[in-house]
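Colleague: I would like to learn how to read a fold from its model. Please take me through one feature by feature.

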Amino acid sequence: MTTGAGSALARLWHGFLAYAVKFGIVGLIGLVIDVTLFNLLRLGVFGDGHWAQSAIGAKTISTSVAIIFNWLGNRYWTFRRHRRRNYLREFAEYVVVSLGGMAIALLCLWVSHHLLGYTSLVADNISTNVVGLALGTAFRFLLYRYWVFGHHRADGLSNLERVEEAQRALFEEPPPQPVE
């Protein structure tokens, strides 16, 4: 491999693929939480005859729990270099994006369950945890990466590192230059 190609691959890895892999791992753990809780609620493990056992209710609850786990995982691992000091604002923005992803999954579930009449547990899982998940994940990843944890955010911790580097450059003596 040439040096240029190796450099381009390294930039691709650090610029996008490393985030995508970490995002995927956090997402897989969140998916296990979401799917497990969804199915437990649908099967009535926590009681029968209430909203939490309905397809929409179970998905709303299970996804909400997964959203909180995923925010913690993405904040402290995936995008840790770009997390923001104002964690409440970051969390609020994360929740807004996550609710958009949840709305996509709920729409897929609603169409399948209520419009098309596929009401089995298998059909509910396919519509929300396969189709809805794929569409919602693409939506969430792009908005998390480029809005919520975007490197351009003014209050990001990564920006603090840049400020400290600039201060060192301004207030420390430059290294001696070789005499020609």
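**Reading the helices and the pocket**

Modeller: Start with burial. This is a predicted model. The protein chain has 180 residues, and 36% of them count as buried.

Colleague: What pattern does the protein chain follow along the sequence?

Modeller: It reads α-α-α-α-α. That makes five helices and zero strands.

Colleague: How do I read contacts by sequence separation? What share comes from residues 24 or more positions apart?

Modeller: Set aside pairs with a separation below 6. Of the contacts that remain in the protein chain, 68% join residues 24 or more positions apart.

Colleague: And the surface? How much of it belongs to carbon and sulfur atoms?

Modeller: The accessible surface is about 10,800 Å², and carbon and sulfur atoms hold 70% of that.

Colleague: How do I check a helix for straightness? What does α4 span between its end C-alpha atoms?

Modeller: Compare the span with the straight case. Helix α4 covers residues 121–148, and 28 residues in a straight helix would span 40 Å. Here α4 spans only 34 Å. Then look for a bend. α4 has a kink of about 45°, centred on L133.

Colleague: How is empty space found?

Modeller: A probe the size of a water molecule is rolled over the atoms, and this shows where empty space is left. In this model, the largest pocket has a volume of about 380 Å³. Helices α1, α2, α3 and α4 each give two or more residues to its lining.

Colleague: Which helix gives the most to that lining?

Modeller: α1, with eight residues. The lining has 26 residues, and G27, N70, L133, T137 and R140 lie nearest the pocket centre. Note L133 again: the kink in α4 is centred there.

Methods:
Residues numbered from 1 in each chain as written. Predicted model: local features only at pLDDT ≥ 70, side-chain atom pairs only at ≥ 80, totals over all residues. Heavy atoms only, no water. Helix = DSSP H or I, 4+ residues; strand = E, 2+ residues; numbered from the N terminus. Expected span 1.5 Å × (residues − 1). Bend = angle between axes of the 7 residues up to and from the residue. Buried < 20%, exposed > 50% of the residue type's maximum accessible area, 1.4 Å probe, protein only. Contact = heavy atoms within 4.5 Å. Areas by Shrake-Rupley, 256 points an atom, 1.4 Å probe, with all protein chains shown as cover. 1 Å grid on protein atoms, 1.4 Å probe; cavity = no way out; pocket = protein on both sides within 12 Å on 5 of 7 lines; lining within 4 Å. Points joined across faces, edges and corners; volume = space filled by probe spheres on them.
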